[in-house]
Amino acid sequence: MIVLYALLGLLLGAGINLCADQLPRWRTLRRTPFCPYCQEPRPEWAWIGTLAYLRFRRNCARCGAAIPWRVPLVELGTAALSAFLWYQYHPQPTLLGLYSLYSLILVLVLVIDLEHRLILNVVMYPAWLLAILGSFVHPEPYFYRLALLGGAVGFALLFLVYLLGELFVKVMSRARGKPIHAVAFGFGDVRLGAFIGLMLGFPQVLSAVFLAVLLGGVIGLIYWFVQAIILRSYSLFTAIPYGPFLVAGAATVLFFGPF
Ligand SMILES: [Zn+2]
């Protein structure tokens, strides 16, 4: 069964790739998988990128460009994730289903944010709805109350970070006498915070945000260290996308919590 569930994860990973290729471009799904370089549709057997890689036919028939390595990576990642979730939660089918859906959303958010620095409403609003509905079938009684509270807290916390970020940019722009165009923390992150709260509930949302801030701080310091000390070319205002840290914090609490 675990193998079947991992295979299902692989198929869903192909779906994630489809969304990650098309949602940032059109905000909707329009086509079957296609070559990102010349728009040539991929043949049916290559809709699952891993299969195309395994058959050593990963190059586009028209322009010869390889299917991006992200495609099989996401598929194998969601397959491994599904196997892990099955192992962890198969005695509780409701949790297994919910956590599988939530992880797929987190993977999609991660991929799109890393590639485009975007957290899309077309992903976030359905995710909110799913997490609200999910909170009513959650095995823990009255979980929907914790979920709604968590969603509000997640939104409020990250909205505060967002405002502080705006303030910081404004103050620094004035201090330097010229405007800085560095959006380190967008409103998409605030919406993601609300989703994380709805999904984890209160007070777990606090652990997730705390982990994200910690992780962001540590990675930020390492990044600063490498840039400033080793490469000697740091600008204080290099924007690091924050979404991946939120995803990492949320996933840690979801899979290994409660903390
Ligand atoms: Zn092509």
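Helix axes here are lines fitted to C-alpha atoms over the stretch in contact, with angles running from 0 to 180 degrees between N-to-C directions. The model is predicted: local features need pLDDT of at least 70, side-chain atom pairs count only at pLDDT 80 or more, and totals for chains, interfaces and linings use all residues. Numbering starts from 1 along each chain as its sequence is written. Helices are DSSP runs (H or I, at least four residues), numbered from the N terminus.

**Stop 1: α4 and α9.** Select α4 (93-116) and α9 (residues 243-256). Their axes come within 9 Å and cross at roughly 160°. That makes the two helices roughly antiparallel (over 145 degrees). Now colour the contact residues (C-beta atoms, placed from the backbone, within 7 Å). On α4 they include Tyr99, Tyr102 and Leu106; on α9, Pro244, Val247 and Leu254 are among them.

**Stop 2: α5.** Select residues 121-137. The 17 residues should span 24 Å at 1.5 Å a residue (times one less than the number of residues). The end C-alpha atoms are 24 Å apart, which agrees. Next, pick the buried residues (20 or more other C-beta atoms within 10 Å of their own, C-beta atoms being placed from the backbone). These are Val123, Ala127, Ala131, Gly134 and Ser135. They fall within an arc of 100° (directions from the helix axis to the C-beta atoms), so they line one face. They pack against α1, α4, α6 and α7. Turn to the other side: Tyr125, Pro126, Leu129 and Phe136 are exposed (12 or fewer such neighbours).

**Stop 3: arginine 174.** Find arginine 174 in α6. It counts as exposed because it has 11 C-beta neighbours inside 10 Å. Draw a C-alpha to C-alpha distance to leucine 158: 24 Å, across 16 residues in sequence.

Key
Contact = placed C-beta atoms within 7 Å. Parallel < 35°, antiparallel > 145°, perpendicular 65-115°, else oblique.
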